[in-house]
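Here are a few exercises to work through with the model open beside you. Try each task before you read its solution.

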Amino acid sequence: MDDAIVLLLGSEPGQQERRGEIRGITRLEKLVFLMDKETSAEEYFTEDPEFEAYNFGPFSSKVYKAVDTLVEAGLVEDSAQLSRTDDDMWESEKLIGGDDESNAFRTRNFRLTPLGQEYFDALQQELPAKLLQQTQKLRKQFSGWPLRDLVRYVYQKYESYTSKSLIRDDILGPRRI
């Protein structure tokens, strides 16, 4: 799981993000989910993220644990910052409880440290070109999307992971009977 996150962070993004950076825990988690579902990552990584349907769609506690491990190892910087975009505000309000004024517009941003960049460089030497290309394509495809659109894509394509979602109707509209 740790390697998947480093690989996503180090891959060249589209126009909206900088290399080595992903804005928001929800965005990171959904990208890891898509990496698991839409690339050959499961062939190369030994740890299954074990995504399950949860309050905000696909969820894996292993993503959160992996981020904490990477931060403790000095490979990734995790900072809560004031949000600069409506996407981050939506994430805060809908996903992390923006009712508290002090927390209303905060998000977690992730950035590779110089040591993390060295680790990413080493990963590129070890992993097959196929996985590197797939991850690069995934990151470029989704990095510029507003968070709401990314979540909508995941919800539409992997609807079975929305069965327990508290925001499903907000994202997809009311269920038809």
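Is Tyr 153 buried or exposed, and what is its relative accessible area? Tyr 153 is buried, at 18% relative accessible area (buried is under 20%, exposed over 50%, partly exposed in between, using a 1.4 Å probe and protein chains only).

Before going on, a word on the model: it is predicted, so local features need pLDDT of at least 70 and side-chain atom pairs count only at pLDDT 80 or more, while totals for chains, interfaces and linings use all residues. Residues are numbered from 1 along each chain as its sequence is written, and side-chain values use heavy atoms, with hydrogens and water left out.

**Exercise 1. Work out how the rings around Tyr 153 are arranged.**

Step 1. Start with the whole structure, where a search turns up eight aromatic pairs. Rings of Phe, Tyr and Trp (its six-membered ring) pair if their centres lie within 6.5 Å; planes under 30 degrees apart are stacked, over 60 edge-to-face, and the rest tilted.

Step 2. Look at Phe 142 and Tyr 153: the ring centres are 4.9 Å apart and the planes sit at 50°, so this pair is tilted. Phe 142 belongs to helix 7 and Tyr 153 to helix 8, 11 residues apart (helices are DSSP runs of H or I with at least four residues, strands are E runs of at least two, and both are numbered from the N terminus). Both Phe 142 and Tyr 153 are buried.

Step 3. Now take Trp 145 with Tyr 153. Here the centres are 5.6 Å apart and the planes at 85°, so the pair is edge-to-face. Trp 145 is partly exposed, at 27% relative accessibility.

Step 4. Finally, find the aromatic cluster made by Phe 33, Phe 51, Tyr 158 and Tyr 161.

**Exercise 2. Trace what the salt bridge between Glu 21 and Arg 111 joins.**

Step 1. There are 12 salt bridges in the structure (a side-chain nitrogen of Lys or Arg within 4 Å of a carboxyl oxygen of Asp or Glu). In this one, the N to O distance is 3.1 Å.

Step 2. Place the partners: Glu 21 is in strand 1 (residues 21-23) and Arg 111 in strand 5 (residues 106-112), so the bridge ties together parts 90 residues apart in sequence.

Step 3. Check the surroundings. Glu 21 is buried at 6%, whereas Arg 111 is partly exposed at 32%.

Step 4. Compare with another bridge, between Arg 168 and Asp 169, at 3.7 Å from N to O. Arg 168 is buried, with 7% relative accessibility, and Asp 169 is partly exposed, with 44%. Going back to the earlier pair, shared partners join Arg 18, Glu 21, Glu 77 and Arg 111 into one network.

**Exercise 3. Find which helix gives the most to the largest nonpolar core.**

Step 1. A nonpolar core is a set of buried Ala, Val, Leu, Ile, Met, Phe, Trp, Tyr and Cys residues joined through side-chain atoms within 4.5 Å. The largest one has 38 residues, and those touching the most other members include Ile 5, Leu 28 and Val 32.

Step 2. Several elements give two or more residues, among them helix 1 (2-10), helix 2 (25-38) and helix 6 (114-126). Helix 2 gives the most, with seven residues.

Step 3. Zoom in on Val 32. Beyond its neighbours within four places in sequence, Val 32 is in contact (heavy atoms within 4.5 Å) with Met 1, Ile 5, Leu 8, Phe 51 and Val 63.
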